[in-house]
Amino acid sequence: MIRLYVIEDHPIIVTGLRNLFRPSRDEIEIYGSALSADEAIQTGDPEAFDIMMLDLYLGSTPPLDNIKKLKERFPDKPIVMFTSEESSVWQRKMYDAGVKAYLFKTAERNEIRLTLEKVSMGMTVFAGVMEQEFLNKKLSPEMMNARQFLTPNQLEISIMLSNGVTQKKIADRSEERRVGKECRSR
């Protein structure tokens, strides 16, 4: 179960996320929420959640200041940016600040779920322009040359391995997917 703490100044977004994910189906639970990074710092219990989901723009506080504050208070908790800002400049700034994923608010439920699962396994997930830059940094030159011959599943496994995800965790995740597909096909 992934326990999510949402930091968002639009309550309708938090309500939407609560309605989007069912713990029994998605293995994602919205633990709690805050309207600002400062409120999260005051009220968030680091033992009660696994991942923080944060809007890029919260009031008048600069986004990088929010990241810095949250990382000081919750140093072991990954941050997933959830925003409508599609600028590759902001994606790069968030990547450099240590954010683990950058999701657009237009993302479908499955994309959000998959991103949260990857982050929970220690992966970094940036879409679009950032994805290629990330792959260039993480994959060896040999893997980059071989990339054109890899299936999407093989590429995902290669990225997980380069992020330090253990073979056992990768195998467990593959088994969960296989069982899930069998159940859905019945």
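**The Glu 27 loop, the parallel sheet and the nonpolar cores**

In this predicted model, Glu 27 lies in the loop that runs between helix H2 (23-26) and strand E2. Although Glu 27 is not a glycine, its phi is positive, at about 60°, and the residue is partly exposed, with a relative accessible area of 41%. Asp 26, by contrast, belongs to helix H2 and counts as buried, since its relative accessibility is 3% and the limit for a buried residue is under 20%. The side chain of Asp 26 makes a polar contact, at 2.9 Å, with the side chain of Arg 25. When neighbours within four places in sequence are left aside, Asp 26 is in contact with Leu 20 and Phe 21, and also with Arg 109 and Arg 113.

The strand that follows this loop, E2, is part of an open sheet of six strands, which are arranged in the order E2-E1-E3-E4-E5-E6 with parallel pairing. Strands E2 (28-34) and E6 (125-126) occupy the edges of the sheet, and because each has a single partner strand, one side of each is left without a neighbour in the sheet. Helix H1 (residues 11-20) packs on the sheet, where it touches strand E1 (2-7), E2, strand E3 (51-54) and E4, and the direction of H1 makes about 165° with that of E2.

Strand E4 is largely enclosed by the rest of the structure, because five of its five residues are buried. In a regular strand, side chains alternate between the two faces of the sheet. In E4 both faces are covered, with Ile 79, Met 81 and Thr 83 buried on one side and Val 80 and Phe 82 buried on the other. Strand E4 runs parallel to E3, to which it is joined by three bridges, and the bridge partner of Met 52 in E4 is Ile 79. Between these two strands the chain passes from E3 through helix H4 (residues 63-73) to E4, in a β-α-β crossover that is right-handed.

The pairing of E4 (residues 79-83) with E5 (residues 101-104) is likewise in the parallel sense and extends over four bridges. Within this pairing, Val 80 has Ala 101 of E5 as its bridge partner, while Phe 82 stands opposite Leu 103. The connection here is also a β-α-β unit, made by E4, helix H5 (residues 88-96) and E5, and it is right-handed.

Both faces of E5 are covered as well, Ala 101 and Leu 103 being buried on one side and Tyr 102 and Phe 104 on the other. Two bridges, in the parallel sense, pair E5 with E6, and the bridge partner of Tyr 102 in E6 is Phe 126. The chain reaches E6 from E5 through helix H6 (residues 109-120), and this β-α-β crossover is left-handed.

The largest nonpolar core contains 22 residues, of which Ile 7, Leu 54, Leu 70, Met 81, Met 94 and Tyr 102 touch the most other members. Two or more residues of this core are given by each of E1, helix H3 (37-43), E3, H4, E4, H5 and E5, and the largest share, three residues, comes from H5. Leu 54, one of the residues named above, touches Ile 7, Ile 67, Leu 70, Ile 79, Val 80, Met 81 and Phe 82 when residues up to four places away in sequence are not counted. Apart from this core lies another, of 19 residues, whose members include Phe 21, Phe 82, Ala 101 and Leu 103. Phe 82 and Leu 103, both among the residues of this other core, are also the pair that stands opposite across E4 and E5, and Phe 21 is also among the residues in contact with Asp 26.

Note on methods. Residues are numbered from 1 along each chain as its sequence is written. This is a predicted model: local features need pLDDT of at least 70, side-chain atom pairs count only at pLDDT 80 or more; totals for chains, interfaces and linings use all residues. Side-chain values use heavy atoms; hydrogens and water are left out. Two strands pair if DSSP finds at least two bridges between them. Contact means heavy atoms within 4.5 Å. Axes are lines fitted to C-alpha atoms, for helices over the stretch in contact, and angles run from 0 to 180 degrees between N-to-C directions. Buried means under 20% relative accessible area, exposed over 50%, partly exposed in between (1.4 Å probe, protein chains only). A crossover is right-handed if, with the strands pointing away from the viewer, the path from the first strand over the helix to the second runs clockwise. A polar contact is a pair of N or O atoms within 3.5 Å; within protein, one must be able to donate a hydrogen and the other to accept it, and residues adjacent in sequence count only if both atoms are side-chain atoms. A nonpolar core is a set of buried Ala, Val, Leu, Ile, Met, Phe, Trp, Tyr and Cys residues joined through side-chain atoms within 4.5 Å.
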